[in-house]
Amino acid sequence: MAGALAAGLAPGVGLRAADADAMPFDAQTVRTMARALGAAAFQPPDAALPDALAKLTYDAYRTVRFDPAQSLWRGAGLPFEAQFFHRGFLYANRVQLYEVAGGQARALRYRPEQFDLGAAPRIGDDLGYAGFRLHGAINRADTVDEIAVFLGASYFRAVGKGLLYGLSARGLSIKTADPGGEEFPAFKAFWLERPQPGTRGIVVTGLLDSPSAAAAMRLSIRPGEDTVFDVELTLFPREDIAQAGIATMTSMFLFNALDHEGADDYRRAVHDSSGLMMLTGRGEALWRPVTNPQTLQVSQFADASPRGFGLMQRARALGDFEDLEARYDKRPSLWVEPIGDWGEGVVQLVEIPTK
C-alpha cells in the first residue's frame, strides 16, 4: 500500500484529506513516498488562500486560536495531545496531517469550529492546516504544557522543562548564504503516531519537499529536563546539491554585554544563543561566540565524524538580560549528537547582520 500512497504524489496531485479514509502505514511508508516525490518534477505547495486570510496582519493572525477542548487525544488518557494551526498571514501552505493508530493512517480533517478566528473572517470548510503543536506534562504531572511546534517551511521548535521557546531546528537547509539565494524546503505532511498510555515519547514523521530534493524525516520525541529528539533523515535529491545543511538550527543574536555598540537599549543583552559549541571527532571542545557582524560572515570548522555541535545559551540569570517579558535567560540550547560515522565535512556558522 506504500506504493499506492506514493501514487498520490504524482505531478499535479497533492496530499489531500479526501484521498482515503484509512491507509496502511509502517516505518517505510513515508520513505517510499519521498523516493517517488524526488523522482518526479517539483510541484509548488498548495498556498492558495482567500485574500482575507492571505493578507492577515501579524496582530490579526495572533487572534486566531485553536480550541483546546478539541485537541487530538483530549480526554483519552494518553500522555500527549496535539493542536493545529490555521492557515493565514505568512503560513499559507497547506500541510496535510494524519493520525497513525493500529498500523493505519487516517487524515485529520479541518473543521472551522475547531478555531476561534478572532479578527479573521470565517471562510470555507476545507482550508486545511498550516502545522501543529504537541502538548504534554513536562513541568508538572497534573498540567499539560506546550512541548514542540512545527510551523513554517521545515522549521520546528521545542523546550525542556522550565524553558521558553527560542531558537529553531530545521529539517533541511539548502544553499544557505548562497549569492543566488537560499532554498527553503518545506514539510508537506506529517503523520502523528497515537502514543500508548504511560509512555514518555511520541513519534512524528514528516514529508519534506523542495526544488532540489525530497526527504522523509522521522522524529522520536521524549520531553523532559532535556527534551530529546532521535532523528532519522532520508534524502532523495532531484539534482546535485553542492551545499546541503543537515541538522540545521537558526537562532537570533542582536547584542550582548560585551558587544553593545550602536544599541540604544537598556537591556544588557538580547539573544537566543551565546555561541557555537563543538566537540570534534578527536574529542577537542571548541567555543565560538556569536556576533552581529557588519556584513555577512561565514565561518567553517572542518572535522571528521564530529561527536556533537550546537548553538548554546550560556547566560542563565535574569540579570544577564534584564528583560522581564522576553526572558532570554529561559531560552533553550540545541545540541546535536551524530549517530554513526558522518565522515568528513564542516560545521558552518552563518552570521547575518541585523539592526
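On the surface of this predicted model, Leu296, Val298 and Ile352 come together as a nonpolar patch. Taken together, these three residues offer about 280 Å² of accessible area. To find Ile352, follow strand β25, which covers residues 344–351, and look in the segment after it. Is Ile352 buried or exposed? Its relative accessibility is 60%, so Ile352 counts as exposed, the cut-off being over 50%.

From the surface, let us turn to the empty spaces. Rolling a probe the size of a water molecule over the atoms shows where empty space is left. One such space is the second largest pocket, which holds about 890 Å³. Its lining is made of 20 residues, and those nearest the centre are Tyr61, Arg62, Phe85, Arg133 and Leu151. Several elements give two or more residues to this lining: helix α4 (58–62) and the strands β2 (65–66), β3 (80–86) and β8 (145–151). Which of them gives the largest share? That is β3, with 4 residues. You can also sort the lining of this pocket by chemical class: 13 residues are nonpolar, 2 are polar and 5 are charged.

Next come the cavities. The structure has 2 cavities of 30 Å³ or more, and the second largest holds about 30 Å³ of space. Around this second largest cavity you will find Leu276, Met278, Leu286, Trp287, Arg288 and Phe301. Two strands, β20 (275–279) and β21 (285–289), each bring at least two residues to the lining. The largest share, 3 residues, is from β21. By class, the lining of this cavity has 5 nonpolar residues, 1 charged residue and no polar ones.

Now for some contacts between charged residues. Side chains of opposite charge can pair when their charged atoms come close. How many salt bridges does the structure hold? There are 19.

Start with the salt bridge between Arg194 and Glu99, where the closest N and O atoms are 2.9 Å apart. Arg194 sits in the loop between β12 (186–193) and β13 (202–209), while Glu99 belongs to strand β4 (residues 96–101), so this pair ties together parts that are 95 residues apart in sequence. The two partners also differ in how they are covered. Arg194 counts as partly exposed because its relative accessibility is 36%, whereas Glu99 is buried, with a relative accessible area of 13%.

A second example joins Asp272 and Arg331, whose side chains meet at 2.7 Å, N to O. This pair, too, links distant parts of the chain, 59 residues apart. Asp272 lies in the loop between β19 (270–271) and β20, and Arg331 in the loop between β23 (308–312) and β24 (334–336). Are these residues buried or exposed? Asp272 has a relative accessible area of 6%, so it is buried. Arg331 also counts as buried, at 13% relative accessibility.

For another setting, look at Asp142 and Arg140, which form a salt bridge at 2.8 Å, N to O. Here both residues are exposed.

Finally, salt bridges can join up into a group. Which residues are linked in a network of salt bridges? They are Arg31, Arg218 and Glu232.

Notes
Residues are numbered from 1 along each chain as its sequence is written. This is a predicted model: local features need pLDDT of at least 70, side-chain atom pairs count only at pLDDT 80 or more; totals for chains, interfaces and linings use all residues. Side-chain values use heavy atoms; hydrogens and water are left out. On a 1 Å grid over the protein atoms alone, a cavity is a set of points where a 1.4 Å probe fits but cannot get out, and a pocket is an open set with protein on both sides within 12 Å along at least five of seven lines; lining residues have an atom within 4 Å of a point. Grid points are joined across faces, edges and corners, and a volume is the space filled by probe spheres set on the points. Ala, Val, Leu, Ile, Met, Phe, Trp, Tyr, Cys and Pro count as nonpolar, Asp, Glu, Lys and Arg as charged, and the others, Gly among them, as polar. Patches are made of residues with over 30% relative accessible area and no salt bridge: like charges are joined within 9 Å, nonpolar side chains (Val, Leu, Ile, Met, Phe, Trp, Tyr) within 5 Å. Accessible areas come from the Shrake-Rupley method with a 1.4 Å probe; for residues, only the protein chains shown count as cover. A salt bridge is a side-chain nitrogen of Lys or Arg within 4 Å of a carboxyl oxygen of Asp or Glu. Buried means under 20% relative accessible area, exposed over 50%, partly exposed in between (1.4 Å probe, protein chains only).
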